[in-house]
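I opened the model in order to look up a few things and write them down. The entries below follow the order in which I looked.

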2 protein chains.
Amino acid sequence: MALSTTRYRVFPALRPGDPVTVVAPASGFDRASFEAGVEVIARRYEVHYDPGVLTRHRYLAGSDARRLGELWRALADTDTRAVFCARGGYGMMRLLAGLEDVPVAAKPVVGFSDITALHQVLQQQGLVSIHGPVLTQLARLDVHTHARLFELLESEAPAADVTGTETYVEGTAEGPLLGGNLAVLTRLLGTPFLAPLKGAVLLLEDIGERPYQLDRMWIHLELAGVFRQVRGIVLGEFAHCEEKNAEYSSAEVLRELAAATGLPCAAGFPIGHGTHNQPVPLGVRVRLDAGSRRLSFLEGAAG
Amino acid sequence: MALSTTRYRVFPALRPGDPVTVVAPASGFDRASFEAGVEVIARRYEVHYDPGVLTRHRYLAGSDARRLGELWRALADTDTRAVFCARGGYGMMRLLAGLEDVPVAAKPVVGFSDITALHQVLQQQGLVSIHGPVLTQLARLDVHTHARLFELLESEAPAADVTGTETYVEGTAEGPLLGGNLAVLTRLLGTPFLAPLKGAVLLLEDIGERPYQLDRMWIHLELAGVFRQVRGIVLGEFAHCEEKNAEYSSAEVLRELAAATGLPCAAGFPIGHGTHNQPVPLGVRVRLDAGSRRLSFLEGAAG
């Protein structure tokens, strides 16, 4: 079967009161943000987590063994209905080799940034997942974003459109929405842990990378042949990506790189490392209309 | 032929007075450092360069077309006897797709950092090259380093040993020395532009990467299977790689990552982004004795 026609499986729609699990597969975080995030989720679902979730080891939320055990149990658990990631940062990549055979009980995983590496595990198993806020940022996001997240998890209807601010290359593209954080995604090139991107509409976002670093990661995707495989590009937030005292902007650099691919591309979607971080389903078929800077979802994430 | 037994071709030994060419395939730089570097080389060789070498475009030394044209001509030129790179920074990766068929007239290329990407072109053609100072830093290095560089270019004898400061994993390994800058090398994983590393003694160095970023790049190498291919690891300088107010060091992180590979590994070699940057030949067979932190060269780079 051509990958471009891969259908990703939707997850069973959640209902209020359902049990959900919080995991910390990447970096550590403070207790206050964690508890504030748990409070947001607990208004809607029954929240479970291992007390070890608050462990720290250097820049990691505990040892690889702890994080892997916690994540494996949450993914395999047939009772819990969704997995919320506490934080990104770094560390998920360290667990990938240990997750090759994980039996994922049908359920959504929610997160972004470093969690892009975990989304690959789900998409490699043909499953839809949610590119959306991590738990420790939830309390800083507005109620509309919370509502959109709960709607995505509970409704069989397609999510509401999201719109960007800039057209980089006119055109339209359809395919499953895949991708996420540019840095994390490119750190999986050349490994067996990147989900096939053929036929996809590619989502990219990042934070704290200088324009030349964005350029370098983009060229990495190009040299790896990714822009010959995907059908369109959706650029989310690129927060804190400007060079001090530079005569050029990261947007200018990205626009030029996008133009060179010839693929439909729009930018400025409120997805990723910004103040909005609208949740969107990965693996779900979307339609990008770059000219009108509109991303439409052609099917529901839950079913 | 097994890659582990690949023999890289030495370059014809230079003689004082030989014509050499300076190129700028990556980032731009100031005229003063450039002229100071030219002066160091001009004491020994007849230095040529295109006036366009001082062009700037954003973070690049001029457009891709300018840099590619300049580099192609220098590599193909049958009169010039060596190519010195003016600076690293970023930009070499952008030229790789344009260099696939470049007819390299037998000669050494000298540079490091972003020039790691150019060394891949040479090694993919089976040629020895020189991991060593870029021209714009030459005037800041001592006369012993200059002498070592000229010796490497002119002598058929193996280079003098270099020694590190730390043993991370005891053991010995032999193979061609390959690699260079960790960030640049890992940006070529999953592309057709990385020279085969099988059987190599892998050189890694970097600057300005936080410990978690070194970890991420190292795990990228691991997930791509590189540590199943190489025989030993030589760690050069990791300058400005510490996290502010952290309880852990980049050395501690690298030591733990190295231990997990089980490969002979020594660190603290004065190679790369430090104040010494001793030139070493890539592609030449070396012997790493990690226990005594010694890297020995088993053959000359020139012949």
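**Entry 1. A helix pair in chain B.** I began with B:Arg66, which counts as buried at 17% relative accessibility (buried is under 20% relative accessible area, exposed over 50%, partly exposed in between, with a 1.4 Å probe and protein chains only). B:Glu70 counts as buried too, at 4%. The two form a salt bridge, with 2.7 Å between the closest N and O atoms (a side-chain nitrogen of Lys or Arg within 4 Å of a carboxyl oxygen of Asp or Glu). Both residues lie in helix α2 of chain B, four residues apart, about one turn of the helix. Helices here are DSSP runs of H or I with at least four residues, strands are runs of E with at least two, and both are numbered from the N terminus.

**Entry 2. Ground rules.** I note that this is a predicted model, in which local features need pLDDT of at least 70 and side-chain atom pairs count only at pLDDT 80 or more, while totals for chains, interfaces and linings use all residues. Residues are numbered from 1 along each chain as its sequence is written, chains are lettered from A and ligands numbered from 1 in the order in which they are written, and side-chain values use heavy atoms, with hydrogens and water left out.

**Entry 3. Other salt bridges.** I got a count of 30 salt bridges over all chains. In general, side chains of opposite charge can pair when their charged atoms come close. I looked at two further pairs.

In chain A, A:Arg73 and A:Asp50 meet at 3.5 Å, N to O. A:Arg73 sits in helix α2 (residues 64–76) and A:Asp50 in the loop between β2 (46–49) and α2, so this salt bridge ties together parts 23 residues apart in sequence. A:Arg73 is partly exposed at 48% relative accessible area, and A:Asp50 is partly exposed at 30%.

In chain B, the closest N and O atoms of B:Arg81 and B:Asp18 are 3.0 Å apart, a salt bridge. B:Arg81 is in the loop between α2 (64–76) and β3 (83–85), and B:Asp18 is in the segment before β1 (19–23), so the pair joins parts 63 residues apart in sequence. Both B:Arg81 and B:Asp18 are buried.

**Entry 4. How do the two chains meet?** I counted 32 residues of chain A in contact with 32 residues of chain B (contact means heavy atoms within 4.5 Å). The chains bury about 3100 Å² between them, 55% of it on carbon and sulfur atoms; buried area is the accessible area (1.4 Å probe) that two parts lose on being put together, summed over both. Of the interface residues of chain A, 100% are also interface residues in chain B, so the copies meet through the same surface.

There are six salt bridges between chain A and chain B. A:Arg94 and B:Asp215 form a salt bridge at 2.7 Å, N to O.

I then superposed the copies by least squares on the C-alpha atoms of residues with pLDDT of at least 70 in both. A turn of 180° with a shift of 0.0 Å along the axis lays chain A on chain B with an RMSD of 0.0 Å. That is the relation of a two-fold axis. In chain A, the C-alpha nearest the axis belongs to A:Gly190, at 1.7 Å.

**Entry 5. Two helices of chain A.** Eight of the nine residues of helix α3 (residues 116–124) are buried, so α3 is largely enclosed by the rest of the structure. The buried ones include A:Leu118, A:His119 and A:Val121. A:Gly126 follows α3(A) with a positive phi near 75°.

For helix α8 (residues 250–261) I checked the length: its 12 residues should span 16 Å, and the end C-alpha atoms are 17 Å apart, which agrees. The expected span is 1.5 Å times one less than the number of residues. Its buried residues are A:Ser250, A:Val253, A:Leu254, A:Leu257, A:Ala258 and A:Thr261. They cover an arc of only 130° around the axis, which puts them on the same side of α8(A) (the arc is that of the directions from the helix axis to the C-beta atoms). A:Gly262, just after α8(A), has a positive phi of about 75°.

**Entry 6. Positive phi outside glycine.** Most residues other than glycine have a negative phi. A:Ser113 has a positive phi near 65° and is buried at 10% relative accessible area. B:His240 has a positive phi near 55° but is exposed, at 69%.
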